[in-house]
Amino acid sequence: MMVPMMLLIVVIELASVRIPFGVFFGNLSSQTEVVMSKFRMNYVLIAMFTIMFLSCTKSSQDFQGQGGLLPTNYVIINDNGFSPASLTIAVGSSITFVNSTIEEHSIVSDDSSTIITNVIMPNTSFYYKKDTVGTFSYHCGNHPTARGTIILRP
């Protein structure tokens, strides 16, 4: 962060120095010098924004998404059931149930305690994470024939 700030200061200082362009290009009119001065200012502004953009970086080590370092797994709720119907994942992984239909749905585990959702409205999702090894089956509360299974492995 310190180096880009120093470069920005140098660019600003260089922009404030007025160099008569007649020195380089012979005898130019003052109107030409004004145009060339505005032209130079555009380059200075572009350089400043480039430096500011390049100095705005974030290390990927600082970021930790939901579910720790494990990615989320998607289960799509469609008109025919769940896709995928069976999902095997590592313990601690997250699952996002996405309702892609125009109807309301809910997810209920067969034991009625592992997972119970409120209504999942159309085009919305439900996030779920479980940290214990095991297998559990679930179904849609509104459509009991729509069934799925989640297998959590160490």
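Which residue in β7 is the bridge partner of Val-108? The legends below start with the whole predicted model and work their way in to that pair.

**View 1. The whole protein, end to end.**
Here's the predicted model in full, with 154 residues in the protein. You'll find 3 helices and 8 strands in it. Walking from the N terminus, you meet the elements in the order α-α-α-β-β-β-β-β-β-β-β.

**View 2. Inside and outside.**
Of the protein's residues, 28% count as buried. The accessible surface adds up to about 10,500 Å², and carbon and sulfur atoms own 62% of that. As for who touches whom, take the contacts with a separation of 6 or more: 49% of them join residues 24 or more positions apart.

**View 3. A sheet of 4 strands.**
This sheet is open, and its strands line up as β3-β8-β7-β5 with mixed pairing. Look to the edges for β3 (86–90) and β5 (107–109): each has a single partner strand, so one side of each has no neighbour in the sheet. From one strand to the next, the twist averages 30°.

**View 4. Zooming in on β5 and β7.**
Strands of a sheet pair through backbone hydrogen bonds, and they can do so in parallel or antiparallel fashion. For β5 and β7 (residues 134–140), the pairing is antiparallel and covers 3 bridges.

**View 5. Val-108 and its partner.**
Back to the opening puzzle: Val-108 has His-139 of β7 as its bridge partner.

Terms used
Residues numbered from 1 in each chain as written. Predicted model: local features only at pLDDT ≥ 70, side-chain atom pairs only at ≥ 80, totals over all residues. Heavy atoms only, no water. Helix = DSSP H or I, 4+ residues; strand = E, 2+ residues; numbered from the N terminus. Buried < 20%, exposed > 50% of the residue type's maximum accessible area, 1.4 Å probe, protein only. Contact = heavy atoms within 4.5 Å. Areas by Shrake-Rupley, 256 points an atom, 1.4 Å probe, with all protein chains shown as cover. Pairing = 2+ DSSP bridges. Axes fitted to C-alpha atoms, helices over the stretch in contact; angles between N-to-C directions.
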